[in-house]
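Student: I should like to go through the protein–DNA contacts of this model and the reasoning behind each term.

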Protein chains: 2
Amino acid sequence: MANKPDSREKILQTASRLFQLQGYHATGLNQIIKESGSPKGSLYYYFPNGKEELAAEAVKYTSRYIEAKIQSFMEQVPDPVVAIQEFIKEAASQFDQPETIKGIPVGLLASETALISEPLRKVCVQAFKNWETIIANKLIKNGYEEDEAVKAGTVINSMIEGGIMLSLANKSKAPLLTISESIPLILHRKG
Amino acid sequence: MANKPDSREKILQTASRLFQLQGYHATGLNQIIKESGSPKGSLYYYFPNGKEELAAEAVKYTSRYIEAKIQSFMEQVPDPVVAIQEFIKEAASQFDQPETIKGIPVGLLASETALISEPLRKVCVQAFKNWETIIANKLIKNGYEEDEAVKAGTVINSMIEGGIMLSLANKSKAPLLTISESIPLILHRKG
DNA sequence: GTCTATATTCTGATAGAC
DNA sequence: GTCTATCAGAATATAGAC
């Protein structure tokens with residue numbers, strides 16, 4: 001059980017990176033198979049439903065990565081305000097120099113496909129929900145009422161996604177850092 | 001001076017609508033000329049630099065429209081918190097039923113093109129800056145310190161753009177309404 | 001099962017008729 | 001100046017060799 005679907009993994013990894021960076025429509029299947037080094041036949045063998053299926057799997061792949069990262073910050077930093085701020089600062093750091101930008105989670109792909117593909121829309125919605133739940137659970141664990149925690153999760157997720165978009169457009173980490181500064185305002189002490 | 005560049009205006013109007021709704025890469029020039037009823041020759045006559053120039057003009061066109069709308073809310077509602085909340089609620093209303101969705105300002109196009117077209121990136125950045133300035137000026141007029149007002153403008157703009165994205169993906173106005181509820185937290189009384 | 005070569009459609013762009 | 005017909009290339013997808 002050592003060398004199983006290594007080719008599938010490579011395609012998925014390359015696709016995830018390119019979809020995040022360029023979006024759905026700007027990323028061609030030819031580019032994916034070229035950069036991953038795999039032939040096009042493998043792509044349709046592993047993802048019989050073509051681009052849409054590949055993109056859906058890529059979103060799940062990216063989502064799990066981000067989930068793990070958020071979870072890690074929440075577990076390691078006791079104060080939820082500081083934990084969220086540290087996560088945002090880490091996300092901001094990549095916008096320092098344009099050539100270091102690695103990806104724009106799934107906001108871009110979600111916007112592109114929400115009106116044209118139900119399967120893709122649903123995996124994006126699920127990704128957002130998972131992230132928001134991790135944040136909300138951290139807040140609940142720290143004394144927040146459930147309803148307030150869930151709403152705060154949505155607000156913080158919006159701020160981060162919007163902030164990533166502004167940082168990308170401005171080629172500057174400044175917008176995301178400003179967002180980070182405002183987190184204490186959203187999470188005023190409750191309990 | 002009655003029937004001047006009526007054809008140009010029609011192309012621009014159709015292009016603006018489609019770019020907002022579908023994004024840059026998903027919107028073909030053929031679709032624009034088909035829906036606007038104009039021939040392709042006219043498009044390249046009025047926009048010699050092709051798709052990129054047309055998209056840049058479309059962003060400016062959309063930006064002016066949104067500017068006027070924000071300005072209108074800021075002038076008619078005295079309290080800045082209520083004014084911003086009313087603007088967000090109006091933006092949210094279109095996500096009630098999917099078929100009524102008119103557009104996603106410029107966030108989608110900005111994300112798609114930030115890394116591949118400097119001219120497009122710059123017009124998007126300018127649009128964001130204009131909107132943020134209108135909000136910041138309203139806050140300054142109501143006793144906010146300039147530095148705080150500018151930062152609040154960025155935060156609110158991020159929340160709105162992120163909220164639009166979430167509402168689009170969820171096909172629900174709920175995320176934007178939650179954003180609206182959280183505006184008082186950002187704009188706690190200062191002066 | 002893995003991969004290559006090809007089919008079909010559509011893209012942005014242009015040349016040139018009127 | 002206004003528009004039509006067409007270009008070369010890229011898109012997704014498939015057929016079929018091995």
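Tutor: In this predicted model, 14 residues lie around DNA strand C, and A:Tyr45, B:Leu29, B:Asn30, B:Tyr44 and B:Lys51 come nearest.

Student: What makes a residue count as near DNA strand C?

Tutor: One of its heavy atoms must lie within 4 Å of the strand. Of the strand C atoms within 4 Å of the protein, 56% belong to sugar or phosphate and the rest to bases.

Student: Why is the pair formed by B:Asn30 and a phosphate oxygen of DNA strand C called a polar contact?

Tutor: A polar side-chain atom of B:Asn30 lies 2.9 Å from that phosphate oxygen; the cut-off for N or O atoms is 3.5 Å, so the pair qualifies. The side chain of B:Lys51 likewise has an N or O atom 2.9 Å from a phosphate oxygen of strand C, whereas B:Lys40 places one 2.9 Å from a base nitrogen.

Student: How do you know that A:Asn30 makes a polar contact with DNA strand D?

Tutor: An N or O atom of the A:Asn30 side chain is 3.4 Å from a phosphate oxygen of strand D; this is within 3.5 Å, and therefore the pair counts. For A:Lys51 the distance to a phosphate oxygen is 2.8 Å, and for A:Lys40 the distance to a base nitrogen is 3.1 Å.

Student: Which helix supplies the largest share of the surface near each strand?

Tutor: Near strand C, H3(A) does so with five residues; near strand D, H3(B) does so with five residues.

Note on methods
Residues are numbered from 1 along each chain as its sequence is written. Chains are lettered from A and ligands numbered from 1 in the order in which they are written. This is a predicted model: local features need pLDDT of at least 70, side-chain atom pairs count only at pLDDT 80 or more; totals for chains, interfaces and linings use all residues. Side-chain values use heavy atoms; hydrogens and water are left out. A polar contact is a pair of N or O atoms within 3.5 Å; within protein, one must be able to donate a hydrogen and the other to accept it, and residues adjacent in sequence count only if both atoms are side-chain atoms. Helices (H or I, at least four residues) and strands (E, at least two) are DSSP runs, numbered from the N terminus.
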